[in-house]
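Thanks for coming, everyone. I'll put the structure up now and then walk you through it.

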Amino acid sequence: MARTRNLELAGWCRSNVFLSVMYLMLFFFFRSVGRTSGQLEYGFYDVTCPNVEETARQVLQLYFTTDPTSSASILRLSFHDCQVQGCDASVMLDSANGITTELDASSSFGIRRLDIIDGVEATLEEACPNTVSCADIIAIAGREAVAHAGGPRITIPLGRRDSTFASTSEASASLPQPNISMDQFMNLFATYGMSLPESVAIMGGHTLGVGHCRSFESRLQESDPSPGLVFGAELEAACAATEPTDLVALPNDLTNFVFDNQYYIDARNGRGLFTDAELALDSRTADIQQTFAIDQQAFFDTFTTAFVKMTSRGVLSLPLICPSSLGIFV
């Protein structure tokens, strides 16, 4: 439903030049009074949809309880959305009318449960028609996924608007590859405005869910010491058991249904699944990784600030009146 609504909005905007001009006038008006792109607010829906977060929470709880794997799926979906173009729900768009879906990018492999976002949107549309954006729903859902799985309850600002454009090539260029190097990792999250501890903490989102062999098979080489000899042999055996490797999934850590600091404990013990397990080996991040392994609250506190930064990235926060028809994304 969310995908259909965005596509309809894109087509409708292109056919309404007058409203496009009005958007341009509003853009300069809001800029003149200081409401610029990227400005979110706590309590954004207090007047227009005051129960938005509680309503979304109740719907999400039903999905998370019915499908215990969905918390991990929704957290990953929220990160994916924000890493491509910013947090604008472009991940929900299907290919049509010049749009190419982000889900066709190789790094989008395994993205699932978009129907949960559709379900929350349908409920909120009944309560507050044409008010709550899909981008905000995705951010709220990611936050609720963390809390439901035992992680911190994070307060996030709202006011994102939905994009009417998506690109497979943009997703391919923006999403980090599974074999990202430590230097690339640091540079990537620095561009998101994260400190080094926040960058290490945001990777702790991997404490939920599973990893497919295709995502870590490059680590099963003699030149990569991070898996450890015993764990490396276990991974090789698991990934060799079934072909194609797309079908083989292993838990990200020993408690992969719980949001905790087990991911850092496993990495410290040579049982990290992805290349960010090298956080325990790199001198720039080893102390931070060790802190999170022994102090779960320190991880939670740092993850909270990192999550707010991630889900506030590159947002469209002005009233969305046909920006795509003018090629404007502000």
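**Helices, a pocket and a few loops**

Okay, let's start with helix 5: its 14 residues should span 20 Å at 1.5 Å a residue, and its end C-alpha atoms sit 21 Å apart, which agrees. The expected span here is 1.5 Å times one less than the number of residues. Helices in this talk are DSSP runs of H or I with at least four residues, strands are runs of E with at least two, and both are numbered from the N terminus.

Some housekeeping before I go on. This is a predicted model, so local features need pLDDT of at least 70 and side-chain atom pairs count only at pLDDT 80 or more, while totals for chains, interfaces and linings use all residues. Residues are numbered from 1 along each chain as its sequence is written, and side-chain values use heavy atoms, with hydrogens and water left out.

Back to helix 5. Its buried residues are Leu114, Ile116, Ile117, Asp118, Gly119, Val120, Glu121, Leu124 and Glu125. When I say buried I mean under 20% relative accessible area, exposed is over 50%, and partly exposed is in between, with a 1.4 Å probe and protein chains only.

Zooming out, the chain has 14 helices and two strands. Of its 330 residues, 53% are buried. Take the contacts with a separation of 6 or more: 79% of them are between residues 24 or more positions apart. Contact, by the way, means heavy atoms within 4.5 Å.

Now helix 3, residues 52-66. There are 15 residues in it, and from first C-alpha to last it reaches 22 Å, close to the 21 Å expected at 1.5 Å a residue. Buried in helix 3 are Val52, Ala56, Val59, Leu60 and Phe64. Looking down the axis of helix 3, those buried residues fall within an arc of 140 degrees, so they line one face of the helix. That arc is taken from the directions from the helix axis to the C-beta atoms. On the face turned away from the buried side of helix 3 you get the exposed residues Leu62, Thr65 and Thr66. And what covers the buried residues of helix 3? Helix 4, helix 5 and helix 6 are among the elements that do.

Let me pick one residue out of helix 3, Val52. Val52 counts as buried, at 3% relative accessibility. Leaving aside neighbours within four places in sequence, Val52 is in contact with Tyr45, Leu124, Val132 and Ile140. Val132 is 80 residues from Val52 along the chain, with their C-alpha atoms separated by 7.9 Å.

Next up, helix 14, residues 296-310. Its 15 residues should span 21 Å at 1.5 Å a residue, and the end C-alpha atoms are 20 Å apart, which agrees. The buried residues of helix 14 include Phe299, Phe300, Phe303 and Phe307. The buried residues of helix 14 pack against helix 4, helix 6, helix 8, helix 9, helix 12 and helix 13.

On to the loops. Thr155 lies in the loop between helix 6 and helix 7. Is Thr155 buried or exposed? Exposed, with a relative accessible area of 55%. Beyond its neighbours within four places in sequence, Thr155 is in contact with Tyr42, Arg143 and Val308. Tyr42 is 113 residues from Thr155 along the chain, and their C-alpha atoms are separated by 8.2 Å.

Then there's the loop between helix 4 and helix 5, where Asn97 sits and where Arg113 is found too. Most residues other than glycine have a negative phi. Asn97 isn't a glycine, yet has a positive phi of about 50 degrees, and Arg113, also not a glycine, has a positive phi of about 65 degrees. Asn97 is exposed at 60% relative accessible area, whereas Arg113 counts as buried at 18%.

Last thing, the largest pocket, with about 1100 Å³ of space. Of the 41 residues lining the largest pocket, the closest to its centre are Arg76, His206, Val210, Ser215 and Phe274. A pocket here is an open set of points on a 1 Å grid over the protein atoms alone, where a 1.4 Å probe fits, with protein on both sides within 12 Å along at least five of seven lines; lining residues have an atom within 4 Å of a point. Grid points are joined across faces, edges and corners, and the volume is the space filled by probe spheres set on the points. Helix 4 gives the most to the lining of the largest pocket, with eight residues.
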